[in-house]
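Here's a quick briefing to read alongside the model. Have the viewer open as you go.

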Amino acid sequence: MCGIVGYIGPREAYPIIIEGLKRLEYRGYDSAGIALFDGSELKVCKTKGKVVDLEAKLYKEISSNGSIGIGHTRWATHGVPNDVNSHPHYSNSGNLVIIHNGIIENYDALRKELIKRGYVFKSDTDTEVLVNLIEEVKKQEDVKLGKAVQIALNQVVGAYAIAVFDKTQPNEIVIARLGSPLAIGVGKDEFFIASDASPFLEYTKNAIYLEDEEMAIIRLNKDIKIRKIKDDSLVDPYVQALKMNLDQIEKGGFEHFMLKEIYEQPRAITDTYRGRLNREEAIIKMSSVEDNMKKFLAADRIIIVACGTSWHAGLVAEYIFEDLARIPVEVEYASEFRYRNPIITEKDVVIAISQSGETADTLAAIKLAKSKGAFVFGVCNVVGSSIARETHAGAYTHAGPEIGVASTKAFTTQITVLSLIALRLARAKGTISSSDFRQHLLEFEMIPKKVEKALEADEHIKKIANIYKDVHNFLYLGRGYNFPVALEGALKLKEISYIHAEGYPAAEMKHGPIALIDENMPIVVIATKKGHYEKVVSNIQEIKSRKGKIIGIVTEGDVDVRALADHVIEVPETLEFLSPLLTTIPLQLLSYHIAVLLGKNVDQPRNLAKSVTVE
Ligand code: F6R
């Protein structure tokens, strides 16, 4: 988690790094720092807080500039967020500086060893240990920076993306990765380094993504040398032409990225099924599914692994796959799956879902499943991400960059991809008739317009948000396909407004949560027409008789729930398996407005990071 930016070339490094760090703040934002080399002096400035705090501090502390620099925005792992623990970290001699994303697991043993050799540590971080280890190797082995980094990393256990600068070799930056992403932007006579491509998109569209266990020595006015950290073999740099543009990662007139991303969903869903769903010919074509059709059809079961919101998308997919394609599905938290000695066979298909494609637990679950011989299919948003590369095959959600830390369009586009796969498999297995299939495709194509319609309730939802913004607890209830949506609604509220919320299957309410209900408890009930409607109406009656406040998510024109609920929010009617794509929208807006009304930082909620690359 943590964002890394670096620059080496003819321009001033400072503005490139600061603007780059702002774009990477979604990766962590409890402290930030920068190191700049102006040709003679190496200056470091760092602070607890956000990149704007760093800017303010820099203004006072650093007057000269330079055309080489590295910068960091942090999500703390070792050591509380404070000025001292912020990156960059100096080595004891003051010659080396490092920025690091990840965790050095054996840092304590390394630290003790370095202390014995006379090293002194100012911070509590594993990163300061690493920079001093590199310094020690450099001294002991009498080698250049690149070699010292390589030898040191071979002694390290853990995960890292690092950038190291040595003022005694001021024409180069050395970078390396294992488990945390790192990209190099290749310009004319200049190079950019970043955790993702967003910091350098306006300068160059040519990028090299380092693979795990690779390092690169990036020299001014020279070629990049990429090597394998373990065996020192040279790697041919593969320069990709990026297709994304800057508009896609800016706010486009919206107050927050989260709101922009909520509103982008009609477009994002369309982009996700475009070219895959062909209604006229009544086909779904996804090359990665076609190429592996035999594996899907021979599968005993599908195991879905994911975390957080992506896990909720997996739960929705469980209903869809079982219902349409009649394939048994198990949905697992990646973090639990990887540690519980799961039974996986060669006849299992594992689907890993991840927006970022970098989530450490999901990545580890994939590696475990692969080691047991399962076929692993990825559903990722970030192109070229670690999970996209680690899986045997996969399908991208074409949601575009998701910057708001709370996931919105990633969720609906994940459901879109998974629904397409389920429908394709259902057709191949003959578990859906051709007329139903056609009807499903027709309805699928209407979803973006229906999401637009659901978004029209925004002002109404804002009013409801204003009524309930000061409560301390919320319950979310749903059944069937909409049970995972209830979980997702509760998660969205928790993470950005810090109001406690729980999601339950509506019928489970009477097995415990009903005890919580009184006149102060708002309960969001997803009660759309299809899917156990009468049963959910009965649950609403039960809430009503205990004086709970009911916010019903209902189908347009609903009468029954309207008669009982304190508020209703309408969504257009659709087929049951597609309903999560609509019922999610008001829940996203409700949490967004409550958080804004409470004055919370919607795009960067406390303690969270967009990409969780640590366990
Ligand atoms: C919630 C949220 C997280 C992520 C989770 C998995 O809004 O964003 O719960 O869904 O950290 O991340 P990915 O999908 O990147 O693997």
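What follows covers the overall build, then the sheets, the cores and a couple of single residues.

Keep in mind that this is a predicted model. The chain splits into domain 1 (3–247), domain 2 (251–453) and domain 3 (456–603), and it carries 20 helices and 27 strands.

**Overall build**

- The chain has a radius of gyration of 26 Å, which agrees with the value near 25 Å for a compact globule of 615 residues.
- Along the principal axes, the C-alpha atoms fill a box of roughly 80 × 55 × 45 Å.
- Buried residues account for 61% of the 615 residues.
- Take the contacts between residues at least 6 apart in sequence: 71% of them join residues at least 24 apart.
- Between domain 1 and domain 3, the C-alpha centres are 45 Å apart.

**The 7-strand sheet and helix α5**

- One open sheet has 7 strands with antiparallel pairing, and reading across it gives β5-β6-β7-β8-β12-β13-β14.
- The edges belong to β5 (89–90) and β14 (234–235); each has a single partner strand, so one side of each has no neighbour in the sheet.
- Helix α5 (residues 145–153) packs on this sheet and touches β6, β7 (158–166), β8 (172–178), β12 (214–219) and β13 (224–228). Its direction makes about 160° with that of β7.
- At the β5 edge, β5 and β6 (residues 96–104) are antiparallel and share 2 bridges. One residue pair to look up here is His-89, whose bridge partner in β6 is Ile-98.
- How many of the residues of α5 are buried? The count is 7 of its 9, so to speak mostly covered.
- Those buried residues are Leu-145, Gly-146, Ala-148, Val-149, Gln-150, Ala-152 and Leu-153. They pack against β6, β7, β8, β12 and β13, and also against α4 (126–141).

**The 8-strand sheet**

- A second open sheet listed here has 8 strands in the order β3-β2-β4-β1-β10-β9-β11-β15, again with antiparallel pairing.
- Its edge strands are β3 (42–48) and β15 (240–241), and each of them pairs on one side only.
- Further in, β1 (residues 3–8) and β10 (residues 191–194) run antiparallel and are joined by 4 bridges. Within that pairing, Gly-6 has Ile-193 of β10 as its bridge partner.

**Nonpolar cores**

- The largest nonpolar core has 91 residues, and the members that touch the most others are Phe-321, Ile-351, Phe-377, Phe-474 and Tyr-476.
- Helix α14 (residues 409–429) gives this core its largest share, 10 residues.
- Domain 2 (251–453) and domain 3 (456–603) each supply at least three residues to this core.
- Apart from this core there is another one of 31 residues, including Ile-17, Leu-54, Ala-194 and Ile-403.
- Tyr-476 makes contact with Ala-486, Gly-489, Ala-490, Leu-493, Ala-501, Glu-502, Gly-503, Tyr-504, Val-524, Leu-587 and Leu-590, leaving aside neighbours within four places in sequence.

**Strand β21**

- Why is strand β21 (residues 375–380) called largely enclosed by the rest of the structure? Because 6 of its 6 residues are buried.
- Side chains in a regular strand alternate between the two faces of the sheet. In β21, Phe-375, Phe-377 and Val-379 point one way, while Val-376, Gly-378 and Cys-380 point the other way, and all are buried.
- β20 (residues 348–354) pairs with β21 in the parallel sense over 6 bridges. Ile-351 is the residue opposite Phe-377 in β21.

**Two residues to click on**

- Asp-603 sits in the segment after α20 (580–597). Is Asp-603 buried or exposed? Its relative accessibility is 8%, so Asp-603 counts as buried.
- Beyond neighbours within four places in sequence, Asp-603 is in contact with Lys-251, His-256, Phe-257, Met-258, Gly-404 and Val-405.
- Asn-95 lies in the loop between β5 and β6, and at 22% relative accessibility Asn-95 counts as partly exposed.
- Not counting residues up to four places away in sequence, Asn-95 touches Leu-42, Phe-165, Asp-166, Lys-167 and Thr-168.
- From Asn-95 to Ile-403 is 308 residues in sequence and 35 Å in space, C-alpha to C-alpha.

How values were computed
Residues are numbered from 1 along each chain as its sequence is written. This is a predicted model: local features need pLDDT of at least 70, side-chain atom pairs count only at pLDDT 80 or more; totals for chains, interfaces and linings use all residues. Side-chain values use heavy atoms; hydrogens and water are left out. Two strands pair if DSSP finds at least two bridges between them. Contact means heavy atoms within 4.5 Å. Axes are lines fitted to C-alpha atoms, for helices over the stretch in contact, and angles run from 0 to 180 degrees between N-to-C directions. Buried means under 20% relative accessible area, exposed over 50%, partly exposed in between (1.4 Å probe, protein chains only). A nonpolar core is a set of buried Ala, Val, Leu, Ile, Met, Phe, Trp, Tyr and Cys residues joined through side-chain atoms within 4.5 Å. Domain bounds come from an automatic or database domain assignment. The radius of gyration is taken over C-alpha atoms; the globule rule is 2.2 Å times the number of residues to the power 0.38.
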